[in-house]
Amino acid sequence: MATGTVAVQTSGADPGAGMPPAMAMMQLVCGKISTHLLYAMAKLGVADHLNDAPQSAAELAEQIDADPSALYRALRALAGLGVFVEHEGKRFSLTPVGECLRTDSPTSLRHLAIMFGEEWHVQAWGNILHSIRTGKPAAEDTLGMPVFEYFERDREQAGIFNRAMTDLSKNAGKAVAEAYDYGGIRRLVDVAGGHGRLLTTLLDAHVHLEGILFDLPHVIRSAREQAELAKYDGRLSFVAGDFFSSVPEDVDGYIMKHIIHDWDDERAARILSNCRRGLRKNGKLLVVEQVVPADSAPSFAKMADIEMLLLPGGKERTEQEFRGLFAGAGFALTRVIPTKSPVSIIEGTPA
């Protein structure tokens with residue numbers, strides 16, 4: 001499940017350092033303005049039209065069927081946040097941050113920005129009091145069903161979600177491929193691997209690997225339609241199923257990115273226990289997640305933890321919490337390996 005962004009980067013115990021407290025609070029309260037502005041720009045594909053020279057708001061408006069004045073005001077606001085640069089004549093270009101809204105950027109987060117502005121996501125966050133009061137997912141109360149069941153019923157939103165997850169895998173995949181020695185693994189299962197972006201990144205980087213992409217039937221059907229996966233024929237296989245019931249067995253390793261954080265401890269342990277049963281001797285469990293610092297230091301993982309509370313009902317975890325979760329499923333947590341991205345690789349071996 002995807003994680004989000006906030007408008008203000010805080011540091012230490014004083015988020016208002018350098019400004020009056022009321023101004024700091026105003027910026028925090030108004031954080032959703034940037035979320036919705038980014039959603040609009042991502043949905044309209046504005047950044048995809050800014051790939052060469054700067055363009056005026058009027059020129060862009062004609063290309064994306066928008067009102068020139070309204071578009072200018074939105075671009076101006078985001079220029080103030082470092083997404084665009086405003087030039088003379090109400091012309092705009094992208095900053096390196098703005099490049100992340102381009103569909104073809106190697107650091108693209110366009111689909112994540114879209115997901116955060118979709119109606120179901122906005123409504124779930126608007127129902128945050130339900131989660132704070134009950135500890136239950138606001139999304140389930142809002143949608144009338146668990147969020148992943150909602151995706152099974154709404155293929156359009158499922159596609160947006162899967163593309164958002166692919167964005168995250170694209171950004172973290174290379175770091176995960178570089179940070180770990182996969183030499184002792186041949187058959188590797190990507191559990192709930194979506195459209196296979198993480199797995200194919202690993203296959204590209206480690207030519208000895210054979211990959212198994214495992215996910216729900218509707219996700220696997222969609223993954224099979226991804227033309228870029230055809231080149232992995234012979235090294236990549238597809239398996240549909242439910243990880244609460246079973247996972248592909250007789251393998252050397254399981255990897256799962258941003259999966260365990262979707263679930264409470266009981267259901268997370270069930271997934272890991274199924275992996276324990278299917279793992280060969282000396283096999284490896286690789287959980288790719290953010291690790292929450294045990295102290296009061298600022299951390300994006302602490303913000304992402306609220307996304308998990310509201311949507312699927314899961315949580316981000318500290319190293320000690322991962323250790324206990326692993327032990328309950330028959331694994332020993334052997335090490336936590338940082339990567340050049342917000343996620344770490346939490347390695348487990350059969351206990």
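This passage describes a surface patch, a pocket and several salt bridges in a predicted model. Residues are numbered from 1 along each chain as its sequence is written, and side-chain values use heavy atoms, with hydrogens and water left out. Because the model is predicted, local features need pLDDT of at least 70 and side-chain atom pairs count only at pLDDT 80 or more, while totals for chains, interfaces and linings use all residues.

A good place to start is the second largest pocket, with a volume of about 760 Å³. Here a pocket is an open set of points on a 1 Å grid over the protein atoms alone, with protein on both sides within 12 Å along at least five of seven lines, and lining residues have an atom within 4 Å of a point. The volume is the space filled by probe spheres set on the points, which are joined across faces, edges and corners. The lining comprises 41 residues, and those closest to the centre are Phe148, Leu216, Phe243, Asp262 and Trp263. Two or more lining residues come from each of α9 (147–153), α10 (155–179), α11 (197–205), β5 (210–215) and α12 (217–224); helices (H or I, at least four residues) and strands (E, at least two) are DSSP runs numbered from the N terminus. Of these elements, α10 gives the most, with six residues. By class, the lining has 20 nonpolar, 11 polar and 10 charged residues.

Turning to charged pairs, the model holds 14 salt bridges, each a side-chain nitrogen of Lys or Arg within 4 Å of a carboxyl oxygen of Asp or Glu. In one of them, Asp104 pairs with Arg102, the closest N and O atoms being 2.9 Å apart. Asp104 is exposed, at 55% relative accessible area, whereas Arg102 is buried, at 10% (buried means under 20%, exposed over 50%, partly exposed in between, with a 1.4 Å probe and protein chains only). Arg267 and Asp264 form another salt bridge, at 3.4 Å from N to O; Arg267 is partly exposed at 28%, as is Asp264 at 29%. Lys315 and Glu321 also meet in a salt bridge, at 3.5 Å from N to O. Glu99, Arg102 and Asp104 are joined into one network by salt bridges that share partners.

On the surface, Met25, Leu28 and Val29 form a nonpolar patch with about 280 Å² of accessible area together. Such a patch takes residues with over 30% relative accessible area and no salt bridge, nonpolar side chains being joined within 5 Å. Leu28 lies in helix α1 (residues 21–29) and is partly exposed, at 38% relative accessibility.

Technical notes:
Patch = residues over 30% accessible without salt bridge, like charges linked within 9 Å, V, L, I, M, F, W, Y side chains within 5 Å. Areas by Shrake-Rupley, 256 points an atom, 1.4 Å probe, with all protein chains shown as cover. 1 Å grid on protein atoms, 1.4 Å probe; cavity = no way out; pocket = protein on both sides within 12 Å on 5 of 7 lines; lining within 4 Å. Nonpolar A, V, L, I, M, F, W, Y, C, P; charged D, E, K, R; others polar.
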